[in-house]
2 protein chains.
Amino acid sequence: MSIHCEIMPFITSLHVSVCSLSLKDFKLELQMGKWQQEISWLLFVFFSSDIEISRAQSPKAVDVLAKEIGLLTDEIEIYGQTKAKVRLSLLERLKDQPDGKYVLVAGITPTPLGEGKSTVTIGLVQALTAHLNINSFACLRQPSQGPTFGVKGGAAGGGYAQVIPMEEFNLHLTGDIHAITAANNLLAAAIDARILHENTQSDKALYNRLVPVVNGVREFSAIQLARLRRLGINKTDPGTLTEEEISKFARLDIDPSTITWQRVVDTNDRFLRKITVGQANTEKGFVRQAQFDIAVASEIMAILALTTSLQDMKERLGKMVVANDKKGEPVTAEDLGVTGALAVLMKDAIKPTLMQTLEGTPVFVHAGPFANIAHGNSSVLADKIALKLVGEKGFVVTEAGFGADIGMEKFFNIKCRASGLVPSVVVLVATVRALKMHGGGPNVTAGAPLKKEYTEENLQLVADGCCNLQKQIQITQLFGVPVVVALNVFKTDSPAEVDLVCEIAKQSGAFDAVPCNHWSAGGRGAVKLAQAVEKAANQKNSFKYLYNLELPIVEKIRIIAQKVYGAQDIELSPAAQSQVDRYTRQGFGNLPICMAKTHLSLSHQPERKGVPTGFILPISDVRASIGAGFIYPLVGTMSTMPGLPTRPCFYDIDLDPVTEQVKGLF
Amino acid sequence: MSIHCEIMPFITSLHVSVCSLSLKDFKLELQMGKWQQEISWLLFVFFSSDIEISRAQSPKAVDVLAKEIGLLTDEIEIYGQTKAKVRLSLLERLKDQPDGKYVLVAGITPTPLGEGKSTVTIGLVQALTAHLNINSFACLRQPSQGPTFGVKGGAAGGGYAQVIPMEEFNLHLTGDIHAITAANNLLAAAIDARILHENTQSDKALYNRLVPVVNGVREFSAIQLARLRRLGINKTDPGTLTEEEISKFARLDIDPSTITWQRVVDTNDRFLRKITVGQANTEKGFVRQAQFDIAVASEIMAILALTTSLQDMKERLGKMVVANDKKGEPVTAEDLGVTGALAVLMKDAIKPTLMQTLEGTPVFVHAGPFANIAHGNSSVLADKIALKLVGEKGFVVTEAGFGADIGMEKFFNIKCRASGLVPSVVVLVATVRALKMHGGGPNVTAGAPLKKEYTEENLQLVADGCCNLQKQIQITQLFGVPVVVALNVFKTDSPAEVDLVCEIAKQSGAFDAVPCNHWSAGGRGAVKLAQAVEKAANQKNSFKYLYNLELPIVEKIRIIAQKVYGAQDIELSPAAQSQVDRYTRQGFGNLPICMAKTHLSLSHQPERKGVPTGFILPISDVRASIGAGFIYPLVGTMSTMPGLPTRPCFYDIDLDPVTEQVKGLF
């Protein structure tokens, strides 16, 4: 092991408790005693927005942070003062270094408001690093810009458990989503243009254009030679192909009705959900119906999240199936000759971005695939690099989208399969609010004020709702990993309610259950959680996948539906069955399954809270992301393009042209 | 003047002549004598692609470059090893520093292959800095990714007059075009969503959603208060508006048939030229025909190129007119409440990106608006900052799109008006190839081999074609700026042809005319040009605009058509005339004019080469970019979305997953 492989304890230069934050605009504080400081802090927390808290703390320079965590100068590419990309060469340098502990933060079935998995993730690493002196790293997803300007706002955590500067996190970051958009749309343009050119040219004209004479020489490009080999044409001289071979080579013969590759934008643009393209005269009548998805729904985002190297990414990009030809055979990005260009567009996006929490703990932000039509987890590469950087005794905390029934199941069966990594602990986030909803409380709706059941003590609702927590604990146990319940405490939760949840959680098989106050107190508020997680990580771990890949597609779907969701059985529509048959015939039957199901219920019906039973899970259609490497059954209709409401978030967003400060992001 | 205002001579650490380039893969060279080196270099130049030449030279670290040119540490934001954004605060620090000389590179009417304005720009600054020891800076446009993967390839210059690393220049750079795409499309989504929400809600419901009760409080956002003031409603309490005021405030009442704001992608996607949007059930039948343009055609790109500060950019973004309401009044981005969000998305894009030439000369890459529906020049801010950095005796060389009749005319009448800067010299780029075409030579087509007229000496064709050069010189003289002709020499040009062009150019009023060999010899090949430019910059300069802004729109169009293009007159279609009337009535009559005309002829007919006369210029339509600040008459139809050919550039583009090197970009 070279000297560079030694892992030093992270020197986090911002081991601040909340009260010592430099609240620049709160000058009174300096003249006050301890007690008065507490008041001023409480006032600040109470009346401050997330962005004000973010701005009150100056992040350390990212090159300083990189040095603290043991990165070499030539292993980082700095983007401004607070962001850096980390090169994959690090994995080679540290390959003999044992991995740290790997912690997944998942959640119970949430309300539409979310229950705080991101803040728990950030609070936990703040507690581990700054309060328990254990190296730790948070690995988060990059948020889509769509919701930032639409309904939801940003995704940098909140309160005193945030990634800073939150505006950098929530805006362009280091351009990864933009790179995905560019790559995705180049492929989309290539598909339609190719169909047009094939339909308007003879075999010979097509061939002459595809393999032109340049400076007197006529030759195949590397990607064309690869296509010839796939077609079984073992020739390298363009002049020697027979007419039949020319036709086979030059015509992809795409069936337009089978195109599954959609264009994307990273904007909530509902009018692009269904469109007709090709209506200009120049496209000669080749119109067809198509759609735009939000950029993070692109298969390329799922690939970015699952890839393990540049070589692997390039192979996955080439394997992406975009349509079938008229004989029913898959047509890939490689067939279109665009693999290399896609890899070039993605060459920087593959490097994780380093940022920091409000308390200076290192954070990787990398990839953010949709949590229904894709697997909803941040990248394998960020986790792998972080596990090397923290050292054997350190912790890497990563997050799964939605509830444990969806995000965690996919994390284990899809992401861990791709990475080969074994998680040490699952942290299951619960809130009294969500449990009351599962216990029969009234509807919780984004934008509307909470009903009094949620703001006043109601032990019966809490007790009744804990069935959902219990079920999610049981789901975790299917995978053989210890689970710690983190109760994300709100100021309206009563001590009795908090105690009740923790008690039931422990009775239900959780290794421990602890209340957390990281939102209002930063790492200090998650110290007990950190201690519980540290203990749980030393427990016996008998991690296993839920199903064998070799099982038939339908069988794998049934296992997830019955064992995880609690369904009585599944029911495939004729369309779904026909897709299953097609994928099986095309040789894609051994891929893992990525269920596209609502996250608002364990069942397919969002209004059924608690633990629904006796339901038949309907599979309306089955699709595939062959490059990412999974089959995704649709349970009902899934929107892949959010919309803008009457009053989008952007009404409150502004830029001060003098200070250059961003206002109104949250 | 503070100590920071002193300008030191640039210490360019790469004062290389071509033969001393570190051609890593060409190991023979080290063992050779001078003569053999020359051979090895000639072989290298002859057989190397632009990207191989680019890669053979290691760029210096951008922080070293920044220091060399006098930037302070906190004035740059580094993006990787070879790119940095420069903060606008520099303009305040150096405000008392006199500007350097300002040189515009324009061209004669080009062939479809382009005549080398970018390479001349780069060769000239290489010669000035490395060979004449004069501080200099090149200011270039950021290329669109569309053509890079489509037909044209990259735009980093070529041969030994390149910006390096060329793959960084040609790909995502520092994300400015992606930021423009995001901002443009957020506005587009806001327009359609607003129409839908207005059409499906009562005044009261709309108002309640636009001004909701949040935590028991109901108040207008800052941008809503600004709208109330524009409407003449001087109230701040949402509860006090009358029903009529509520309706006026809540309804923009956009007439969908008047929407001029289009969505954009930075991809050559011809199937998006004409589309129908809103066909999903969720959009309730509000379908309409729309289109996507290539991202660089966005008005936001034109604004980026013309803006002078963050405050100015924000104001321009707010003023953008996206449609008319049903009464015929303009509806702006500000009316939609999105100004602040657009400014936030563009807050980093406003900072120019610093790169370097193959010989280490500093380059700003910033903005790249379309050269027909917009003005086609790089940014005012990059030029202004560079003019301060080079010092009073230094030179800033910038480029105009297309021929001088279009790019230069817009540079003077639009860009110089926005900046207040006065150019010292115009360099007019000509090639023997283009002159032969103007003299009656056969068609020149991209992709097809050149006819023998272009590869063999033909003095008659050259002499006949010089009329176009003469005319472009005369156009330059209209603006009172000295003009130096740069003849970009190809290996097939004969000495007699070269002499003939230079002779005619000088007789036609050029201050000087010199052959240039920067493509094959770098700065060394442009030393004579640099000397001529330096002398010309000391000439009397009587710069003036071509027209007064106060003239009626039609009069301004006529002046450009007659004085610049040589048209007999202009003829407006009824649609064009009605738009002129509308813009005049709306108070936009005093804006400068941005002609959208083919660049392949001085006239509107691309096939008419040389100096066409006696034509009537037809104006088919007139549009406006109010935020950018110009009216753009359409002379014929202008495509704002390129397409992919049968065999796009991407067939040759690849990424080596081991070395991470990009192949096939050119």
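**Exercise 1.** How many residue pairs are in polar contact between chain B and chain A? Describe the interface around this count.

*Solution.* The model is predicted, and the count takes in pairs with both residues at pLDDT 80 or more.
Step 1. Between chain B and chain A, 41 residue pairs are in polar contact.
Step 2. On the side of chain B that touches chain A, the largest share comes from helix 8 (residues 176–199) of chain B, with 12 residues.
Step 3. By residue class, that side of chain B holds 39 nonpolar, 21 polar and 21 charged residues.
Step 4. The rule for salt bridges finds 10 across the interface of chain B and chain A. In one salt bridge, Arg263(A) pairs with Asp269(B), and the closest N and O atoms are 2.6 Å apart.

**Exercise 2.** State the extent of the contact between the chains, and find which three residues of chain B supply the most buried area.

*Solution.*
Step 1. Chain B brings 81 residues to the contact and chain A brings 80 residues.
Step 2. About 7300 Å² is buried between chain B and chain A, and carbon and sulfur atoms give 63% of this area.
Step 3. Of the area that chain B buries against chain A, 12% is supplied by Phe271(B), Thr646(B) and Tyr651(B), more than by any other three residues.

**Exercise 3.** Is Arg194(A) buried or exposed? Describe its surroundings.

*Solution.*
Step 1. Arg194(A) sits in helix 8 (residues 176–199) of chain A.
Step 2. The relative accessibility of Arg194(A) is 6%. The cut-off for buried is under 20%, so Arg194(A) counts as buried.
Step 3. Beyond its neighbours within four places in sequence, Arg194(A) is in contact with Leu210(A), Phe249(A), Ala250(A), Arg251(A), Leu252(A), Leu336(A) and, from chain B, Tyr651(B).
Step 4. A polar atom of the Arg194(A) side chain lies 2.8 Å from the backbone oxygen of Ala250(A).

**Exercise 4.** Which residues of helix 9 (residues 203–210) of chain B are buried, and why are they placed on the same side of the helix?

*Solution.*
Step 1. The buried residues are Leu206(B), Tyr207(B) and Leu210(B).
Step 2. Because these residues cover an arc of only 95 degrees around the axis, they lie on the same side of helix 9 of chain B.
Step 3. Their cover includes helix 8, strand 8 (217–218), helix 10 (222–230) and helix 11 (243–250) of chain B.

**Exercise 5.** Place Ile78(B) and list what it touches.

*Solution.*
Step 1. Ile78(B) belongs to strand 1 (residues 76–79) of chain B.
Step 2. Leaving out residues up to four places away in sequence, Ile78(B) touches Val62(B), Asp63(B), Lys83(B) and Ala84(B), and from chain A Ile78(A), Tyr79(A) and Gly80(A).

Key:
Residues numbered from 1 in each chain as written. Chains lettered and ligands numbered in written order. Predicted model: local features only at pLDDT ≥ 70, side-chain atom pairs only at ≥ 80, totals over all residues. Heavy atoms only, no water. Contact = heavy atoms within 4.5 Å. Buried area = accessible area lost by both parts, 1.4 Å probe. Salt bridge = Lys/Arg side-chain N within 4 Å of Asp/Glu carboxyl O. Polar contact = N/O pair within 3.5 Å; in protein donor to acceptor, adjacent residues only side chain to side chain. Helix = DSSP H or I, 4+ residues; strand = E, 2+ residues; numbered from the N terminus. Nonpolar A, V, L, I, M, F, W, Y, C, P; charged D, E, K, R; others polar. Buried < 20%, exposed > 50% of the residue type's maximum accessible area, 1.4 Å probe, protein only. Arc of directions from axis to C-beta.
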